Amino acid sequence: MITVQLPRQFEAARLFLFIKENFGTFESVPDAVEFDFSRMNFAFPSGIVFLSNLTRFLLRQGCEVSYSGMDTNKECIKFLDDSLFFQQHLREKLSQHSAPRVTTQPLIELHHKECHAWIHNTFAPWLSDISGVPMAGLAEFQTCMSELFNNINDHSAFDVGSVFAQWYPQKKNLQIVVADFGKGIPETVRRIEPQLSDNEAIIRSFDEGFSSQSTPQNRGQGLYYLRQNVLEHLGGALTVRSREGAVTFRKSGNSLTVVPYDVQGFCPGTMIEFNIQTDVIEFEEENDGDFEW
């Protein structure tokens, strides 16, 4: 059995080196893995989503997965429990009193066919409530979320991804993480341009007019559209991690800043994380420009 000591400040990037050293690129998996929560003091959205996906992936490969060290007196464990992490993976909450917090859109695994309804019927009303932006003003933002899941459908062999969102009311900051355990953006892009490195492939996937596959009428618009709306219209930051590459896109003044950096380890699949200030979301009239599924 391999025991994984989860770090005090738990975010996905802190597990990538462990992944590379123990699993490589997942040509094989161990018979059993235990995740130890005893040292954890804070869980970021990326850590929650990544551990959930990793757990599901290992189980699908026939690996036995167990958890230990969950002290229900610790705030981070209470937060995970309220986020429905343990209910999903242990089939019950650690405490019967745990429930999703107003500021949290709890962890959920979604198949592509379920995403559109979840975005419009669950996520958008929640975001409207916490941000004070009317539903009609979130039409373009909903399309951004749809494109995140279109990306998963394009790059994942499992047609499924996980999502978690957390709003920090004092900072008016919204963090959303969507991730899958597919082959990853670089592998998909290299079918078209095989000479590109992981970072170059991630950057290329966000270029206007580029597409490897997607709904035909949306080709060349998906990830570029996502980048433009998160950065240009919402003033947010977008970070993409896949395999051994990672790129952060952010707006600096009137220009776009692209910051590539090497992942210390290996990120299976694709993880897209974006940060948005909810107090700058502008009211926009609803339109009929949604992408088709």
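These exercises work through the fold of a predicted model.

**Exercise 1. Take stock of the chain.**
How many helices and strands does the protein chain have, and what share of its residues is buried?

Solution.
- Start with the elements. The protein chain holds nine helices and ten strands.
- Next, burial. Of the 293 residues, 55% are buried.
- Then the surface. The chain exposes about 12900 Å², and carbon and sulfur atoms supply 44% of that area.
- Last, contact range. Take the contacts between residues at least 6 apart in sequence: 67% of them join residues at least 24 apart.

**Exercise 2. Lay out the three-stranded sheet.**
Which strands are at the edges, and which helices pack on the sheet?

Solution.
- Write down the order. The sheet is open, runs β1-β3-β5, and its pairing is parallel.
- Find the edges. β1 (2–5) and β5 (64–68) each pair on one side only.
- Add the twist. From one strand to the next, it averages 20°.
- Check one pair. Four bridges link β1 to β3 (residues 32–36) in the parallel sense. Thr-3 has Glu-34 in β3 as its bridge partner.
- Place helix α1 (residues 13–23). Helix α1 packs on this sheet and touches β1 and β3, with its direction at about 170° to that of β1.
- Place helix α2 (residues 45–60). Helix α2 also packs on the sheet, touching β3 and β5, and its direction makes about 160° with that of β3.

**Exercise 3. Describe how α1 meets α2.**
What is the angle between α1 and α2, and which residues meet?

Solution.
- Take the geometry. The two helices pack at an angle of about 20°, and their axes are 12 Å apart.
- Classify the angle. Angles under 35 degrees count as roughly parallel, so α1 and α2 are roughly parallel to each other.
- Give the hand. The crossing of α1 past α2 is left-handed.
- List the residues. From α1 come Leu-15, Phe-16, Ile-19 and Phe-23; from α2 come Phe-50, Leu-54 and Leu-58.

**Exercise 4. Lay out the five-stranded sheet.**
What is the strand order, and where do α1 and α2 touch this sheet?

Solution.
- Write down the order. This open sheet runs β6-β7-β8-β10-β9, with antiparallel pairing.
- Find the edges. β6 and β9 each pair on one side only.
- Add the turn between strands. Ignoring direction, neighbouring strands are turned by 15° against each other on average.
- Place α1. Helix α1 packs on this sheet against β9 and β10, its direction making about 25° with that of β10.
- Place α2. Helix α2 touches β6, β7, β8 and β10, and its direction makes about 160° with that of β7.
- Count bridges. β8 (residues 173–180) and β10 (residues 255–277) are joined by eight, running antiparallel. Between β9 and β10, also antiparallel, there are 15.
- Inspect the turn. β9 and β10 form a hairpin with two residues between them, and Gly-253 in the turn has a positive phi of about 70°.
- Look at Met-271 in β10. Met-271 is the bridge partner of Ala-179, and Arg-241 stands opposite Met-271.

**Exercise 5. Compare two residues.**
Are Ser-52 and Thr-239 buried or exposed, and what do they touch?

Solution.
- Locate Ser-52. Ser-52 lies in helix α2.
- Apply the cut-off. Buried means under 20% relative accessible area. At 0%, Ser-52 is buried.
- Name its contacts. Leaving out residues up to four places away in sequence, Ser-52 touches Phe-85, His-89, Leu-107 and Ser-162.
- Locate Thr-239. Thr-239 sits in strand β9 (residues 237–252), and its bridge partner in β10 is Glu-273.
- Apply the cut-off again. Thr-239 has a relative accessible area of 11%, so Thr-239 is buried.
- Name its contacts. With residues up to four places away in sequence left out, Thr-239 touches Val-247, Thr-248, Tyr-261, Met-271, Ile-272 and Glu-273.

**Exercise 6. Explain the setting of α3.**
Why is helix α3 (residues 75–82) largely enclosed?

Solution.
- Count. Six of the eight residues of α3 are buried, so the helix is largely enclosed by the rest of the structure.
- Name them. The buried residues are Cys-76, Ile-77, Phe-79, Leu-80, Asp-81 and Asp-82.
- Find their partners. These buried residues pack against β4 (42–43), α2, α4 (85–90), β6 (104–111) and β7 (160–168).
- Check what follows. After α3 comes Leu-84, with a positive phi near 70°.

Key. Residues are numbered from 1 along each chain as its sequence is written. This is a predicted model: local features need pLDDT of at least 70, side-chain atom pairs count only at pLDDT 80 or more; totals for chains, interfaces and linings use all residues. Side-chain values use heavy atoms; hydrogens and water are left out. Buried means under 20% relative accessible area, exposed over 50%, partly exposed in between (1.4 Å probe, protein chains only). Contact means heavy atoms within 4.5 Å. Accessible areas come from the Shrake-Rupley method with a 1.4 Å probe; for residues, only the protein chains shown count as cover. Two strands pair if DSSP finds at least two bridges between them. Axes are lines fitted to C-alpha atoms, for helices over the stretch in contact, and angles run from 0 to 180 degrees between N-to-C directions. Angles under 35 degrees count as roughly parallel, over 145 as roughly antiparallel, 65 to 115 as roughly perpendicular and the rest as oblique. A crossing is left-handed if the near helix is turned anticlockwise from the far one by less than a right angle, and right-handed if clockwise.
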